[in-house]
Amino acid sequence: MRKPVAPRIVAVAIASLVVASSLVDASRAQTNKVGTSLDPQNFGQIERGRYLAIAGDCASCHTVPESNQPFAGGRPIETPFGVVVGANITPDPETGIGAWSDEAFVRALREGKGHNGQLLYPAMPYPYYTKLTESDALAIRAYLNTVKPVRNAVVSNKLPFPFDVREGMTAWNAIYFRNGEFKPDPTKSAEWNRGAYLVEGLGHCGACHTPKTTLGGDEGERAFQGYALQGWFAPNITNDSERGLGGWSVADIAAYLKNGHNPTTASTGIMGEEITLSSSHMTDADLTAIATYLKDLPGQTPSPSAAVSASDPKMVAGGAIYADECSACHGMDGKGVPYLFPSLAGSPNVRSADPTSLIRVLIEGARSVATGGEPTGPGMPSFAWKLTDDQAAAVLTYIRDSWGASALAVDPRQVEQVRARAAMASTGR
């Protein structure tokens with residue numbers, strides 16, 4: 001992390017923003033009253049809230065895997081600035097949200113303010129949840145009121161100084177946060193608008209797929225064009241033909257979100273978890289709406305990279321390694337086996353601007369997600385023990401620049417970095 005410059009000036013600026021924010025908060029307190037009392041017998045609202053909590057992937061941050069304590073918090077969330085820990089959002093009155101008013105819950109969800117006025121960090125994706133309707137926010141609250149209360153005191157702020165000073169979020173919000181519900185586009189279909197609401201709001205897809213500034217805010221002009229986080233690269237999900245979803249149909253996207261697989265691709269890593277916990281449980285109508293919206297996002301990929309020459313020594317070496325180690329599953333033509341071994345030929349993920357995910361799968365191995373629709377979950381073995389950094393870079397460069405595709409060559413130093421991260425993770429560091 002860069003050392004803050006001119007701390008006295010920054011402190012004065014933050015103090016000024018805190019005062020201004022307090023005045024705005026006082027105004028909002030008069031105008032943003034929710035004032036809706038939730039009926040514990042309104043089972044339709046509770047069920048809708050359950051579905052919305054799934055679509056919003058709340059469990060991913062607020063449930064420790066295999067803990068059998070849904071929404072009790074305690075899961076560390078890695079950010080570029082350090083670690084924050086998912087809060088307890090069960091109805092426990094002392095350590096959860098049981099004592100919060102409905103108004104406080106909605107304000108936290110849509111404005112990033114805790115029940116005591118404490119500013120939340122955008123690891124809780126309120127910059128996206130702000131687009132939720134009030135009725136959807138209250139439905140989520142109604143559902144959370146029904147889950148088992150768990151007494152689990154969580155200290156969410158594990159960030160190092162100066163990022164642990166929450167007042168700094170006042171300045172961040174002034175730059176990056178735009179409060180307000182989703183406004184449907186009257187020129188678009190109801191399906192498109194539903195997809196936009198889910199992608200831009202409840203599903204908070206931009207939290208992973210939109211590049212970030214050095215301060216962690218979205219680069220709006222590059223929305224959904226891919227971003228590296230937690231040791232993976234969340235790929236471009238615009239309709240870009242080279243790096244994004246241009247080669248996928250609406251049905252391909254919906255099938256991927258539902259099953260974790262489509263004829264050419266299988267999901268793993270962070271997206272595999274999202275599919276397991278969230279999109280595989282969503283309705284076909286909502287998944288089709290998401291796909292419809294994504295297919296309408298224009299790609300803005302720069303001119304394709306010049307392909308590495310087939311006579312380049314790295315390509316020659318990579319081709320030999322591919323024939324020996326990879327072709328049995330993925331085929332010499334790179335097309336793989338539908339729904340079993342992913343296609344590498346023409347895969348937008350393979351040609352991503354950042355090859356981190358590709359390197360990680362080769363070095364660490366991976367198992368694709370298993371769902372009700374595709375229960376097999378084929379795996380990829382680790383080649384860390386067999387390939388040097390130079391050899392891994394060579395075979396990955398060959399894969400990225402064969403079968404008519406072109407992408408930047410993989411540098412052995414990139415492989416070294418992924419390998420080092422994997423070694424640290426294995427030791428719990």
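This report describes the helices, cores and some single residues of a predicted model.

Residues are numbered from 1 along each chain as its sequence is written, and side-chain values use heavy atoms, without hydrogens and water. Because the model is predicted, local features need pLDDT of at least 70 and side-chain atom pairs count only at pLDDT 80 or more, while totals for chains, interfaces and linings use all residues.

**Overall make-up**

The chain has 17 helices and 6 strands; these are DSSP runs numbered from the N terminus (helices: H or I, at least four residues; strands: E, at least two). Of its 429 residues, 45% count as buried. Buried means under 20% relative accessible area, exposed over 50%, and partly exposed in between (1.4 Å probe, protein chains only). A contact means heavy atoms within 4.5 Å. Among contacts between residues at least 6 apart in sequence, 64% join residues at least 24 apart.

**Helix α6 and the largest core**

Helix α6 (residues 134-144) is mostly covered, with 9 of its 11 residues buried. Its buried residues pack against α2 (43-55), α4 (102-111) and α8 (190-202). Helix α12 is also mostly covered: 8 of its 11 residues are buried, and they pack against α2, α8 and α10.

A nonpolar core is a set of buried Ala, Val, Leu, Ile, Met, Phe, Trp, Tyr and Cys residues joined through side-chain atoms within 4.5 Å. The largest one has 62 residues, and I140, L144, L202, I290 and L294 have the most contacts inside it. Helix α6 supplies the largest share of this core, 7 residues. At least three residues come from each of domain 1 (19-171) and domain 2 (190-294); these bounds come from an automatic or database domain assignment. Leaving aside neighbours within four places in sequence, I290 is in contact with G195, L198, V199, L257 and M282.

**How α2 meets α6**

The axes of α2 and α6 come within 7 Å and cross at roughly 100°. Axes are lines fitted to C-alpha atoms, for helices over the stretch in contact, and angles run from 0 to 180 degrees between N-to-C directions. The two helices, α2 and α6, are therefore roughly perpendicular (65 to 115 degrees; under 35 is roughly parallel, over 145 roughly antiparallel, the rest oblique). Residues in the contact include R48 and L52 of α2 and D136 and I140 of α6.

**The second core and V415**

A second, separate core of 22 residues includes V308, I359, I363 and V395. V415, in helix α17 (residues 412-426), is buried, with a relative accessible area of 0%. Not counting residues up to four places away in sequence, V415 touches I359, I363, D389, A392, A393 and V410. The C-alpha atoms of V415 and A392 are separated by 7.1 Å, although these residues are 23 apart along the chain.

**Backbone features in loops**

F161 and P162 are joined by a cis peptide bond, with omega about 5°. P162 is in the loop between α6 and α7. Two residues other than glycine have a positive phi; they are listed below.

| Residue | Phi | Loop | Relative accessible area |
|---|---|---|---|
| E66 | about 60° | between α3 (58-62) and β1 (76-79) | 82%, exposed |
| Q230 | near 50° | between β3 (227-229) and β4 (232-234) | 29%, partly exposed |
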